[in-house]
Amino acid sequence: MNELLSAKRRLAWAAVAAALLVAIASALAPRSPELHAYARGLAFAVLAGLSIMGVAFVVALPLGALAASGPRVFDWALRFLCDLVGSLPTVFVAAVFWAGTSSTLRFVCALGLLRGLEQAWLLRCEIVRLEAEDPESVPHGLGRTPLVAFLRRRMSAALGPLFVSASFSVAWLTALDAAVTQAGLRPPHAQPTWGPLLGAPQPSPLPALLAASSVAWLTVALHALFRPPNAA
Amino acid sequence: MRAAIRRLFGIALTLIAVSVGMFWACASFARRAGNRPASPFATLPVFFNPRPVGVRELSTSALHAIARGGEPAAAAQISLARLGGAALPYVLPALDSLEPRSRERVALSLTKVAVRMEVATPEELSDGAQAVLFWTRFWQDRAIDFRAASVRHLTSRLAERSIALRREDLIHVDTFALPELIAALGRVDSLDDVARIQRLSSVLTHVTELPVACPANASVADAREVVDTWRAFWDLHGSEYSALDGPRRLAATFVETQYGKWLAAVLRGGLGRTQSGTQALDLVTQGLATTSFLLFVGLGVGFPLGVAWIRFERQRRKFATRVASAVAGTALAAIPCATFVRCFAGRSAGLSTAICLVTITTAAWVSRHLARSTMSQSVSPIAAAFSVSAPLGATYPPFVLSAIVLVEVIYQLPGLGRTAALSLVSGDVNAWMAASLALASASLLLRHAADLVRPRPASSAIGSRR
């Protein structure tokens with residue numbers, strides 16, 4: 001659907017979606033403690049999701065580009081790191097991060113770093129694939145390729161998978177939260193989130209339904225918002 | 001061939017690094033506020049022990065505490081009595097260096113050891129001066145018996161045949177014989193082995209004062225259980241009865257750690273024992289069926305479904321249909337739908353619902369990635385699926401394994417994910433390591449399989465380079 005909407009419309013659409021959710025949450029919050037928990041969970045999901053995306057982009061863009069076109073050692077290091085963090089279900093990694101970090105901000109940054117490694121690998125694979133498919137391409141090191149040309153041609157074309165992955169950040173975070181809660185790995189004094197609403201043994205139907213719908217809604221909005229700059 | 005070896009070496013190296021990471025994760029989680037340490041090795045450092053403690057350090061510390069007297073002396077006396085014969089080579093030669101009152105206090109605190117060694121009665125050692133005289137003479141006469149070679153010889157003779165005198169000879173050196181006695185336990189395959197275990201266990205029970213008996217009518221299985229119990233005891237307390245000198249001290253900096261103890265249990269076979277006493281390997285075998293079933297159904301059905309989905313989406317001309325397809329794909333890939341479905345699904349529908357969820361989320365997730373990776377639409381979805389298999393192979397396993405953990409926990413399915421989650425909560429290190437290593441192996445295999453099916457351009461220098 002992204003092909004049929006302009007960048008401005010997509011941005012407006014995503015903003016309207018988020019605003020609608022916030023309005024609904026604000027209206028519902030005073031009605032019951034569970035709906036209040038839903039509203040607080042929404043604030044956490046939006047802020048933490050955005051922070052994770054931000055940290056992930058900061059990590060993924062340079063690391064992915066260097067692994068694909070820079071010195072070989074970056075490729076090896078990224079592959080090894082991805083093997084390492086990707087070989088365990090993310091839910092356990094998140095549970096340990098959450099238990100080990102004293103503040104929510106550190107936990108979110110750690111998740112962003114984790115997500116960044118994954119996205120760096122996606123970016124690296126896409127750049128390598130595009131270079132391999134391009135008959136005019138010759139294997140250059142990043143140091144010898146003009147940076148502007150690299151960013152305009154290769155990077156912009158290779159951002160698709162990274163954006164897809166980024167658009168699932170809120171869903172990913174909420175899924176982890178729910179799984180960590182359901183598995184009994186949630187820290188006792190953690191910030192109120194959607195995890196207990198979705199992962200509690202006997203969840204209340206309305207807040208759970210609202211939370212699940214909100215996740216889907218936010219994911220769709222993010223998915224619609226992100227689009228590689230030079231995609232047709 | 002070289003590439004295969006390199007790949008296998010890479011997998012092995014990654015698994016070692018993963019095991020270190022997972023062990024750290026478990027240890028960190030166990031240390032969180034409010035958790036009670038469940039592992040018997042929780043007091044040891046996790047990976048590196050800069051100051052490993054052996055019998056020399058323990059006995060010297062106890063000796064000085066008793067010599068000084070006061071309140072700490074009571075605990076030191078208990079410690080010295082427990083260390084027993086293993087401490088004598090360090091305590092008795094040091095008696096002369098103490099002042100007379102301290103010397104008497106130390107000699108008297110060894111009375112319990114003398115009684116256990118059957119070399120004196122409490123009445124003979126009731127007076128301090130008498131006790132000092134006894135222990136001085138004892139060391140002059142018996143120091144030669146406290147040598148590893150001598151004890152090894154005595155132990156091997158007891159293991160071969162039962163003669164009361166041999167048993168007494170070993171009891172006379174008390175806990176000093178423990179390393180050789182544990183080493184002599186060996187494998188238990190026949191009734192002859194059972195008889196050997198009975199003889200050795202009798203001495204072990206006497207010197208350690210632990211109630212681990214191998215009964216007269218014990219079967220091979222009973223004897224194996226006794227051997228396992230003694231080995232578990234030795235894992236926990238072995239260093240307290242061994243002198244850590246030279247290379248052993250160097251090795252102890254790794255061996256006397258939580259990770260070293262776990263690795264020792266793994267190398268003995270069966271991946272160690274869980275808190276419930278079962279072998280961790282059995283736990284993996286039980287959980288593997290459910291998890292691999294979910295994984296392969298999710299992968300086998302979900303992946304082609306994702307390809308078909310994007311093919312369908314591309315062929316539609318109507319804007320509304322394409323938007324609906326994209327929205328549905330994105331929404332369904334958001335895993336918390338699993339918890340949403342839980343509200344409406346009974347527990348009896350657990351496995352089928354779990355399969356549906358894993359399959360649908362896989363299909364939706366794959367379809368969204370393919371939609372973006374093939375935006376030029378000049379490549380067929382099937383070719384695109386193979387073309388992007390390497391990145392998807394890297395990001396799919398943690399995604400799908402998290403989904404599997406979630407559905408296993410929610411629907412209480414007896415899989416590896418649930419086992420790992422429960423063992424992490426309860427601090428069962430062996431169960432956690434076994435379950436999570438199995439999950440990590442599955443993830444690595446998936447990743448490498450995806451990399452193998454990736455098409456490689458024959459003439460591309462880049463393709464061959466990466």
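A crossing of two helices counts as left-handed if the near helix is turned anticlockwise from the far one by less than a right angle, and as right-handed if it is turned clockwise. Keep that in mind for H2(B) and H3(B), which pass each other in a left-handed crossing. What you're looking at is a predicted model. Chain A has 10 helices and 0 strands, while chain B has 23 helices and, again, 0 strands.

**The two chains**

- Chain A runs to 232 residues, and 51% of them are buried.
- Walk along chain A from the N terminus and the elements read α-α-α-α-α-α-α-α-α-α.
- Take the contacts in chain A with a separation of 6 or more: 76% of them link residues 24 or more positions apart.
- Chain B has 466 residues, 44% of which count as buried.
- For chain B, residues 24 or more positions apart make up 70% of the contacts with a separation of 6 or more.

**The nonpolar cores**

- The largest nonpolar core holds 140 residues, and its best-connected members are A:Val91, A:Ala95, A:Ala179, B:Cys26, B:Ala434 and B:Ala435.
- Helix H2 of chain A (residues 33-69) gives this core its largest share, 15 residues.
- Apart from that core there's another one, of 51 residues, including B:Ile66, B:Leu92, B:Val132 and B:Trp234.
- Zoom in on B:Cys26 and, leaving out residues up to four places away in sequence, you'll find it touching B:Leu424, B:Val429 and B:Trp432.

**A helix pair in chain B**

- Helix H2 (residues 55-68) and helix H3 (residues 72-83) of chain B have axes that come within 8 Å and cross at roughly 140 degrees.
- That angle is why H2(B) counts as oblique to H3(B).
- On the H2(B) side, the residues that meet H3(B) are B:Val55, B:Leu58, B:Ser59, B:Ala62, B:Ala65, B:Ile66 and B:Arg68.
- Their partners in H3(B) are B:Pro72, B:Ala73, B:Ala76, B:Gln77, B:Ser79, B:Leu80 and B:Leu83.
- B:Ile66 turns up twice here: it's in the 51-residue core and in the set from H2(B) that meets H3(B).

**Helix H11 of chain B**

- H11(B) covers residues 191-208, which is 18 residues.
- From its first C-alpha to its last, H11(B) reaches 25 Å, close to the 26 Å expected at 1.5 Å a residue.
- Its buried residues are B:Val194, B:Arg196, B:Ile197, B:Arg199, B:Leu200, B:Ser201, B:Val203, B:Leu204, B:Val207 and B:Thr208.
- Right after H11(B) comes B:Glu209, with a positive phi near 60 degrees.

Methods
Residues are numbered from 1 along each chain as its sequence is written. Chains are lettered from A and ligands numbered from 1 in the order in which they are written. This is a predicted model: local features need pLDDT of at least 70, side-chain atom pairs count only at pLDDT 80 or more; totals for chains, interfaces and linings use all residues. A nonpolar core is a set of buried Ala, Val, Leu, Ile, Met, Phe, Trp, Tyr and Cys residues joined through C-beta atoms within 7 Å. A residue is buried if 20 or more other C-beta atoms lie within 10 Å of its own, exposed if 12 or fewer, and partly exposed in between; C-beta atoms are placed from the backbone. Helices (H or I, at least four residues) and strands (E, at least two) are DSSP runs, numbered from the N terminus. Two residues are in contact if their C-beta atoms, placed from the backbone, lie within 7 Å. The expected span of a helix is 1.5 Å times one less than its number of residues. Axes are lines fitted to C-alpha atoms, for helices over the stretch in contact, and angles run from 0 to 180 degrees between N-to-C directions. Angles under 35 degrees count as roughly parallel, over 145 as roughly antiparallel, 65 to 115 as roughly perpendicular and the rest as oblique.
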